[in-house]
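Hello,

Here is the structure I said I would pass on to you. Have a look at it first, and then read on for what turned up in it.

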Amino acid sequence: MLQTNLKRKLLATFLSFGAMFSAHAFTVSSDAVKPGHALPHAQVFNGFGCEGDNHSPALSWQNAPEGTKSFAVTLYDPDAPTGSGFWHWIVVDIPADTSELSENIAAQLPEPMRQITNDYGFSGFGGACPPAGDNPHRYQLSVHALDVDKIDLPEDASPAVVRFMIHAHQLAVATTTGYYQR
């Protein structure tokens, strides 16, 4: 009997802690990139055989961890047939008091935010455009809470170097994943 009561108390404590933690978890949301849903036409690339609007998605985030001094945003396709995935969008130096980005902000990103060269080869947003006939590709939209105001990077830094620097300064990450297929 004593063991059963102890188990119940431990379970109740664990569930209370889990509810408290989930209520304050670092999260990201986007109407364009969400679990179980295909990316809309607005977030599809215009080129390479795709005919989309090529707009960066609107997104918002909540509950960044204490000590956050800036954010970075990435959009990554781990299913691209490259052997290393495909970076569609990388934004760094987003001020800590920011909690959302509007749709198509990549077209005119405010300072001090910076866009890094994506795997299409230009600085900015490059929408989804998987090879025709491939299985659906996952598009992971992540907001990274960082412990620095600004990431020290050369203008021509590769996505791999930028991602290394993001990882080195990351306090937490919030991710949502949508998909796209053509």
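A definition to start with: two strands count as paired if DSSP finds at least two bridges between them. With that in hand, here is a first match to look up in this model, which is a predicted one: T74 has S142 in strand 9 as its bridge partner.

**The sheet**

That match belongs to the pairing of strand 5 with strand 9, which is antiparallel and has 7 bridges. Both strands are part of an open sheet of 5 strands, with antiparallel pairing and the order 8-6-5-9-10. Which strands form the edges? They are strand 8 (114–115) and strand 10 (170–180), each of which pairs on one side only.

Strand 5 (residues 70–77) also pairs with strand 6 (residues 86–95), again in the antiparallel sense and over 7 bridges. If you want a place to find this pairing, S70 has P95 in strand 6 as its bridge partner. Further along the sheet, strand 9 and strand 10 run antiparallel and are joined by 10 bridges. Here Q140 is matched with T177 in strand 10.

How much of strand 9 is buried? The count is 8 of its 10 residues, so the rest of the structure largely encloses this strand.

**The helix across it**

Helix 2 (residues 159–169) lies across strand 5, strand 6, strand 9 (137–146) and strand 10. Relative to strand 6, helix 2 runs at about 45°.

**The aromatic rings**

Searching the whole structure gives 10 aromatic pairs. One of them is F45 with F48: the ring centres are 5.7 Å apart and the planes stand at 45°, so this pair is tilted. Is F45 buried or exposed? F45 has 8% relative accessibility, and buried means under 20%, so F45 counts as buried. F48, on the other hand, has a relative accessible area of 62% and is exposed.

F45 also pairs with Y120, and that pair is stacked because the planes are at 5°, with the centres 3.9 Å apart. F45 sits in the loop between strand 1 (27–29) and strand 2 (46–47), while Y120 sits in the loop between strand 8 and strand 9, so the pair ties together parts that are 75 residues apart in sequence. Y120, at 17% relative accessibility, counts as buried too.

Taken together, ring pairs link F45, F48, F86, Y120 and F122 into a cluster.

Enjoy looking around, and write back with any questions.

Best wishes

Terms used
Residues are numbered from 1 along each chain as its sequence is written. This is a predicted model: local features need pLDDT of at least 70, side-chain atom pairs count only at pLDDT 80 or more; totals for chains, interfaces and linings use all residues. Side-chain values use heavy atoms; hydrogens and water are left out. Helices (H or I, at least four residues) and strands (E, at least two) are DSSP runs, numbered from the N terminus. Contact means heavy atoms within 4.5 Å. Axes are lines fitted to C-alpha atoms, for helices over the stretch in contact, and angles run from 0 to 180 degrees between N-to-C directions. Buried means under 20% relative accessible area, exposed over 50%, partly exposed in between (1.4 Å probe, protein chains only). Rings of Phe, Tyr and Trp (its six-membered ring) pair if their centres lie within 6.5 Å; planes under 30 degrees apart count as stacked, over 60 as edge-to-face and the rest as tilted.
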